[in-house]
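This briefing covers the internal space, the sheet, the helices and the unusual backbone geometry of one protein model. Please read it alongside the sequence and coordinates.

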Amino acid sequence: MPDTLIRTALPDDEEALNRIDRATWSTLHAVQPAPQPPYPPFFTDRFGPRDHLVAERDGVVVGYIRLGFPTSLLANAHVRQILGLAVADEARGGGVGRRLVRAAVDEARRQGARRITLRVLGHNTLARTLYASEGFVVEGVLPGEFFLDGSYVDDVLMGRVLI
């Protein structure tokens, strides 16, 4: 198993991250329609390279996690939220997702956050199991919040304290 480096994203990572996003798209975790050409840029004014940690193996980006603020309100500036996680198919099952989650928790702490939260679709049992094993607990459920592939799917809110 090759070593995995976790680092802050660089502007040059954009093409690789966009490719991972397109290749891993699924209603298991996505509520937006499948990406279609022309593909929008991965980095935006809202989420740039500094908001992403990437996993790299042998010089190839194989995953990312997006970390940001859940709102723009000063009253919850002490909270960070995981706003996206994707691992390339060829790197799945090797602990890349776990390493990215741990790195996001560490980065949130480094930024002075007291809590970290996320939202995950109720039918995404693999992701929910990963988050729970890393100390995240279910803090709320929005039943039937999304209609995907002909079924209503819960939106599960999870979080953990960092202090």
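A search of the whole structure finds one cavity of 30 Å³ or more; a cavity is a set of points, on a 1 Å grid over the protein atoms alone, where a 1.4 Å probe fits but cannot get out. The model is predicted: local features need pLDDT of at least 70 and side-chain atom pairs count only at pLDDT 80 or more, while totals for chains, interfaces and linings use all residues. Residues are numbered from 1 along each chain as its sequence is written, and side-chain values use heavy atoms, with hydrogens and water left out.

**Cavity**

- The largest cavity holds about 30 Å³ of space, where a volume is the space filled by probe spheres set on grid points joined across faces, edges and corners.
- Its lining consists of Arg 50, Asp 51, Leu 53, Leu 67, Glu 107 and Gln 111; lining residues have an atom within 4 Å of a point.
- By class, the lining has three charged residues, two nonpolar and one polar; Asp, Glu, Lys and Arg count as charged, Ala, Val, Leu, Ile, Met, Phe, Trp, Tyr, Cys and Pro as nonpolar, and the others, Gly among them, as polar.

**Sheet**

- Seven strands (DSSP runs of E, at least two residues, numbered from the N terminus) form an open sheet of mixed pairing, in the order β1-β2-β3-β4-β5-β7-β6; two strands pair if DSSP finds at least two bridges between them.
- Because β1 (5–8) and β6 (137–148) stand at the edges with a single partner strand each, one side of each is left without a neighbour in the sheet.
- Neighbouring strands are turned by 25° against each other on average, direction ignored; axes are lines fitted to C-alpha atoms, for helices over the stretch in contact, and angles run from 0 to 180 degrees between N-to-C directions.
- Strands β4 (residues 79–87) and β5 (residues 115–121) run parallel and are joined by four bridges.
- In β5, Arg 115 stands opposite Val 79.

**Helices**

- Helix α1 (residues 14–24) lies across β2 (52–57), β3 (60–68) and β4, at about 85° to β3; helices are DSSP runs of H or I, at least four residues.
- Helix α2 (residues 96–110) lies across β1, β2, β3, β4, β5 and β7 (151–161), at about 40° to β3.

**Backbone geometry**

- Most residues other than glycine have a negative phi, and most peptide bonds are trans.
- Pro 37 and Pro 38 are joined by a cis peptide bond with omega about -5°, and Pro 38 is in the loop between α1 and β2.
- Asp 58, in the loop between β2 and β3, has a positive phi near 50°.
- Asp 149, in the loop between β6 and β7, has a positive phi of about 50°.
- Asp 58 counts as exposed at 68% relative accessibility, and Asp 149 counts as exposed at 67%; exposed means over 50% relative accessible area (1.4 Å probe, protein chains only), buried under 20% and partly exposed in between.

Key. 1 Å grid on protein atoms, 1.4 Å probe; cavity = no way out; pocket = protein on both sides within 12 Å on 5 of 7 lines; lining within 4 Å. Contact = heavy atoms within 4.5 Å.
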